[in-house]
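Please review the following briefing on side-chain packing and helix arrangement.

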Amino acid sequence: MDDDTVGRLPPRVGLLALLHGAGALFCLAGAVWPMDADSPLVLGWTLGVVGLLVAGALTVLGERVPTAAQHAALALFSVLLGLLAARSVTAEGIVGLGPVLICIGLYAAHFLSLRAARTHALVAVAAATAGAVAAAPDGYPIPWLIAVVATVLLTEAHARLNGRLRTEASTDALTGVANRRAWEAEAARSLAHATRTGEPLTVAILDLDGFKEVNDRDGHSAGDRVLREVATQWRSRLRASDLLGRHGGDEFVLCLPGTDGPTAAEVLQRLDGDLPVSWSVGTATARAGDTLSSLLQRADAELYEGKRLRYGRSG
């Protein structure tokens, strides 16, 4: 695998490919070295080949794997697990699938939303349990129940913790809007989508006027209250698709997907009024070949040109 391929393989796809690949190898090993004379060799070979094909497809596609395909690949793995359970001839064969069940839940909890993680965990539990009931060897119910309960509890706990950590990592602690890193990541994804589809996209840089004077006159606590109030007011006036972020200090950034220049001007008009400070703005609408950096540079240039014209100063 070359460096370019590695670079295209984000963790959400790489670990899903690993899940399918490892499962495939275990199935193939079971077909080559069966633990019981009645082991389903044909099914083992079939699941092994299918798992390797899915793992290979995920690896080749890399970051181009859409979210829907990620869900489908994870659900497919659960279905295949259920088929394997249904053909198990020993209680040990079924109970041995418990750790795999937990892996499905932890993967979903780490990379998906809480709701999606719960759904995938329940699908995996239902499929594998249905297979175990269909196979019906003796001696598996109690150990299997332990594996099911562990899967549900670990999925719930990890999904909740991971969701809280994601929120804290992507949110500006003072204002509650996206922090710089999270905003840039999401805006870059929106720009990539706009480039692929030809939809318009506009970014804006918003700068609070005279904010330094507020801090100097009334103290930093007053300045913090101003930032919070402005962010709260702006968030309430924006559309659901608009992404507001704090870029640093008294500077905010706004990503407006599906929005051209004139429409962006209408959106920005709604942000004015009933604020504790005035503000200035610069915008840039995406053109062919633009990067997020070039868009922000153009918006920044427009912002400071507007300030120069309004206040008779440069920079």
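Leaving aside neighbours within four places in sequence, Leu 74 is in contact (heavy atoms within 4.5 Å) with Leu 16, Leu 19, Ile 104, Tyr 107, Ala 108, Leu 112 and His 120. The model is predicted: local features need pLDDT of at least 70 and side-chain atom pairs pLDDT 80 or more, whereas totals for chains, interfaces and linings use all residues. Residues are numbered from 1 along each chain as its sequence is written, and side-chain values use heavy atoms, without hydrogens and water.

**Nonpolar cores**

- The largest nonpolar core (buried Ala, Val, Leu, Ile, Met, Phe, Trp, Tyr and Cys residues joined through side-chain atoms within 4.5 Å, buried being under 20% relative accessible area with a 1.4 Å probe, protein chains only) has 31 residues.
- Leu 74 is among the residues with the most contacts inside this core, together with Leu 16, Leu 58, Leu 101, Ile 104 and Trp 144.
- Helices H2 (11–32), H3 (41–61), H4, H5 (91–95), H6, H7 (114–135) and H8 (141–170) each supply at least two of its residues; helices are DSSP runs (H or I) of at least four residues, numbered from the N terminus.
- H7 gives the largest share of this core, 6 residues.
- A second, separate core of 23 residues includes Val 214, Phe 252, Val 267 and Trp 279.

**Helices H4 and H6**

- The axes (lines fitted to C-alpha atoms over the stretch in contact, with angles from 0 to 180 degrees between N-to-C directions) of H4 (residues 67–86) and H6 (residues 98–111) come within 11 Å and cross at roughly 165 degrees.
- H4 and H6 are therefore roughly antiparallel, a term for angles over 145 degrees.
- Gln 70, Leu 74, Phe 77, Ser 78 and Leu 81 in H4 meet residues of H6 including Val 100, Leu 101 and Ile 104.

How values were computed: Parallel < 35°, antiparallel > 145°, perpendicular 65-115°, else oblique. Buried < 20%, exposed > 50% of the residue type's maximum accessible area, 1.4 Å probe, protein only.
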